[in-house]
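Have the sequence and the 3D view open side by side. We will walk from a surface patch to some aromatic rings and then to two loops.

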Amino acid sequence: MFIYYLIAFLSCLSISFLIIGISMKSERQIVKDRMAKRKTIIPGQPSQYSVEVEMSLPFKERVLIPFLSKLARLAGRVSPSGSTQLIEKKLITAGHPYGIGSREFLGIRVISCIGFILLGIIAAKFMGTPLMKLLAAAGAMFAGIYLPGYWLQQVTNARQLTIRKVLPEMLDLLTVSVEAGLGLDGAMQKVVEKMRNPLADEMNRALQEMRVGKTRVEALRDMSERVDVSELTSFVASICQADQLGGSISKVLKVQSDTLRKRRIQRARDLAATLPVKMLFPMVFFIFPAIFVVVL
């Protein structure tokens, strides 16, 4: 048993070193890159590319992210052309968890695939027939490819659920601010200052885009596309329509707030209606046997 784990560990280590060696730059190329960076430094200011500055960076920025980027380059050569754009869109919707980008995510998928393939090889040693060994290796490879995407989808769902929960409170704060005399931009700034959640972060990004030249309609629509929540999309569409037609923003905010609260109550009722079905399985397998034992 121990020898199989040792072989798998050494194989994974050898593959990792092989990938690093293939993708590693030569010493001459490293010197050229540093000289090219130093040309852009303003005279009289300290160098931002010295060895001391590089060594002061966190381990993730110095080692992990470059290593994952190199793995992603190797994976990008064999992956479809549109896969990187699709992964980047999913990461934007998920809020870029842990600051990873599409390259780093592809690198994580490569490492996951290699690790699960090695686990599948170890599991195949204990299988009887060749068909079972093949199924074990194929299942491990599928799990290595599927699990990073499943994790990203769970992060996205959790973020969207948080945004749905805080959206009515955000609309209440917007309504109060607008009725107090602030404009919509000022009310959005109040939301950014008072609230700490993913929706406030997205609103802060929309305000920054408006400061650099984007129109309010474009910034809000881009925000709804990034978040990809139906309630927020409906709210943004109503705000943009009122802004273009000259309608009352406060009335639109009140209507949207009432609508979202009714939707949240209806969603809670739908979840409560599914409770009897969900309670059936633990009652049958855990509660009823104990009751039967006591009765008998």
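Patches are made of residues with over 30% relative accessible area and no salt bridge; like charges are joined within 9 Å, and nonpolar side chains (Val, Leu, Ile, Met, Phe, Trp, Tyr) within 5 Å. A salt bridge is a side-chain nitrogen of Lys or Arg within 4 Å of a carboxyl oxygen of Asp or Glu. Accessible areas come from the Shrake-Rupley method with a 1.4 Å probe, and for residues only the protein chains shown count as cover.

This is a predicted model: local features need pLDDT of at least 70, side-chain atom pairs count only at pLDDT 80 or more, and totals for chains, interfaces and linings use all residues. Residues are numbered from 1 along each chain as its sequence is written, and side-chain values use heavy atoms, with hydrogens and water left out.

Start at the patch. It is nonpolar and covers about 1300 Å². Its members include Val277, Leu280, Val284, Phe288, Phe292 and Leu296. Val284 lies in helix 13, residues 275-295. Helices are DSSP runs (H or I, at least four residues), numbered from the N terminus. Val284 is partly exposed, with a relative accessible area of 37%. Here buried means under 20% relative accessible area, exposed over 50%, and partly exposed in between (1.4 Å probe, protein chains only).

Now the rings. How many aromatic pairs does a search of the whole structure find? The search finds 3. Rings of Phe, Tyr and Trp (its six-membered ring) pair if their centres lie within 6.5 Å; planes under 30 degrees apart count as stacked, over 60 as edge-to-face and the rest as tilted. Phe142 and Tyr146 are stacked, because their ring centres are 5.6 Å apart and their planes stand at 5 degrees. Both residues lie in helix 7 (residues 130-179), 4 residues apart, about one turn of the helix. Phe142 is exposed at 57% relative accessibility, and Tyr146 is partly exposed at 44%. The rings of Phe288 and Phe292 have centres 6.3 Å apart and planes at 35 degrees, so this pair is tilted. Phe288 and Phe292 both sit in helix 13, again 4 residues apart. Phe288 is partly exposed at 32%; Phe292 is exposed at 52%. Back in the sequence, Phe142, Tyr146 and Tyr150 form one aromatic cluster.

Finish with the backbone. His96 has a positive phi, near 50 degrees, and is not a glycine. His96 is in the loop between helix 5 (83-94) and helix 6 (102-124). Asp228 has a positive phi of about 60 degrees, and is not a glycine either. Asp228 is in the loop between helix 10 (216-227) and helix 11 (230-245).

Key: Helices (H or I, at least four residues) and strands (E, at least two) are DSSP runs, numbered from the N terminus.
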